[in-house]
Amino acid sequence: MHVFVTGASGWIGSATVDELLAAGHEVTGLARSDASAAALQAKGVQVRRGDLDDLASIRDGAEAAEAVIHLANKHDWSNPTASSAAERAAVQTISDALAGTSRPFLLASGVAGLTPGRPAREDDPNPHHGPESPRGGSENLAFEYIDRGVHSVALRFAPTVHGAGDHGFIAIIAAVAREKGVSGYPGDGTNRWAAVHRSDTARMIALGLAKAPAGARLHAVAEEGIPTRDIAEAIGRALGLPITSIAPDDVQDHFGWIGTFFRMDLVAASAMTRELLGWAPMGPTLIEDIDAGGYSARAGA
Ligand SMILES: NC(=O)c1ccc[n+]([C@@H]2O[C@H](COP(=O)([O-])OP(=O)(O)OC[C@H]3O[C@@H](n4cnc5c(N)ncnc54)[C@H](OP(=O)(O)O)[C@@H]3O)[C@@H](O)[C@H]2O)c1
């Protein structure tokens with residue numbers, strides 16, 4: 001199958017592209033820079049140049065492919081409204097391009113805020129509707145197109161898709177620990193984060209492309225919820241730093257924007273995804289990855 005992948009050069013995207021190529025798919029990746037284009041070409045991926053705001057390029061890429069996997073995201077944490085608007089516009093553009101084709105459209109989503117107080121399940125609808133909501137309400141926007149002949153599938157990622165080389169949330173929390181000289185956890189540290197290894201995530205996406213029915217919500221979740229205190233203890237061990245509770249009122253000041261997420265209980269189940277796809281996570285756990293030194297190097301080192 002010819003698959004158009006946005007975010008093909010990213011953390012999840014590059015591992016996903018490797019899975020797709022290994023499965024015999026032909027891949028075209030969206031690249032916004034010479035460096036990303038060269039990295040994709042080096043592994044035999046065709047390149048479509050374009051930024052997320054270049055909706056004509058995204059539309060043409062979607063129209064020319066037999067399936068689309070959308071993983072690009074601006075991740076501008078200083079301006080989440082702009083990231084969400086770009087996300088929604090890209091999802092709208094891809095959905096319009098695929099309308100009436102029955103072609104698969106797999107799009108990135110998350111588990112934050114789905115079911116406060118209990119683990120999110122695959123049959124829990126996403127409560128985020130409309131442009132003002134998290135991720136621009138893009139999961140529901142894509143699902144609105146199922147009736148218009150798009151084979152939409154949501155990829156709900158755990159808040160940490162971890163592994164050596166990760167520059168995501170856990171790497172940022174480790175950077176805060178280094179900067180502050182302590183590895184902190186919010187309050188009593190009993191709020192939890194779901195987690196999944198990058199290799200398992202990429203495998204789940206490739207299986208989802210092959211097997212998931214329209215409307216499926218796939219949970220890339222290997223561990224349902226790890227207490228943030230355990231995460232902070234592992235980071236403290238790895239960096240040789242003291243471990244401490246950060247009072248709830250001080251979380252934002254101590255952690256900065258990542259505190260908004262680190263204080264949340266972000267738990268999710270994945271039994272239905274495992275059953276549907278025959279997927280079984282095999283990678284190391286988050287704590288094993290931290291203990292193995294995957295988060296000990298400084299960013300860019
Ligand atoms: N990693 C996680 O733990 C996690 C958890 C939950 C949800 N997610 C979601 O999963 C998706 C993939 O995440 P990721 O961790 O792989 O992200 P990432 O490593 O930051 O990669 C982002 C990708 O998007 C591309 N990109 C960024 N801004 C762009 C722009 N303006 N125009 C075109 N392309 C642009 C990047 O291109 P360059 O390579 O050129 O920079 C890169 O390929 C995102 O939607 C993310 O929000 C990730």
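This is a short exchange on how terms are applied to one predicted model.

Reader: What kind of model is this, and which residues count?

Author: The model is predicted: local features need pLDDT of at least 70, side-chain atom pairs count only at pLDDT 80 or more, and totals for chains, interfaces and linings use all residues. Residues are numbered from 1 along each chain as its sequence is written, and side-chain values use heavy atoms, with hydrogens and water left out.

Reader: What makes a residue part of the shell around the ligand?

Author: One of its heavy atoms must lie within 4 Å of the ligand. 23 residues surround the ligand. The closest are Ser-9, Arg-32, Ser-36, His-75 and Arg-135.

Reader: Which elements each supply at least two residues of that shell?

Author: They are α1 (11–22), β5 (104–110) and β7 (160–162). Helices (H or I, at least four residues) and strands (E, at least two) are DSSP runs, numbered from the N terminus.

Reader: How do the shell residues divide into nonpolar, polar and charged?

Author: There are ten nonpolar, nine polar and four charged. Ala, Val, Leu, Ile, Met, Phe, Trp, Tyr, Cys and Pro count as nonpolar; Asp, Glu, Lys and Arg as charged; the others, Gly among them, as polar.

Reader: Why does the pair between His-75 and the ligand count as a polar contact?

Author: A polar contact is a pair of N or O atoms within 3.5 Å; within protein, one must be able to donate a hydrogen and the other to accept it, and residues adjacent in sequence count only if both atoms are side-chain atoms. A side-chain N or O atom of His-75 lies 2.7 Å from an oxygen atom of the ligand, so the pair qualifies. For Asp-51, a side-chain N or O atom is 3.1 Å from a nitrogen atom of the ligand. Ile-12 uses a backbone N or O atom, 2.8 Å from a ligand oxygen.

Reader: How much of the ligand does the protein cover?

Author: The protein covers 85% of the 900 Å² of accessible area that the ligand has on its own. Accessible areas come from the Shrake-Rupley method with a 1.4 Å probe; for residues, only the protein chains shown count as cover.

Reader: Why is Arg-156 called buried?

Author: Buried means under 20% relative accessible area, exposed over 50%, and partly exposed in between (1.4 Å probe, protein chains only). Arg-156 has 0%, so the term buried applies. Arg-156 sits in strand β6 (residues 151–157). Its side chain makes a polar contact of 3.1 Å with the side chain of His-219.

Reader: Why is the pair of Trp-77 and Trp-257 called stacked?

Author: Rings of Phe, Tyr and Trp (its six-membered ring) pair if their centres lie within 6.5 Å; planes under 30 degrees apart count as stacked, over 60 as edge-to-face and the rest as tilted. The whole structure has nine aromatic pairs. In the pair of Trp-77 and Trp-257, the centres are 4.8 Å apart and the planes 10 degrees apart, so the pair is stacked. Trp-77 lies in the loop between β4 (67–70) and α4 (80–98), and Trp-257 in the loop between α9 (251–255) and α10 (258–262), so the pair ties together parts 180 residues apart in sequence.

Reader: Are Trp-77 and Trp-257 buried or exposed?

Author: Neither term applies: Trp-77 is at 33%, which counts as partly exposed. Trp-257 is at 32%, also partly exposed.

Reader: What makes the pair of Trp-77 and Phe-261 edge-to-face?

Author: The planes are 75 degrees apart, and the centres are 5.7 Å apart. The angle is over 60, so edge-to-face is the term.
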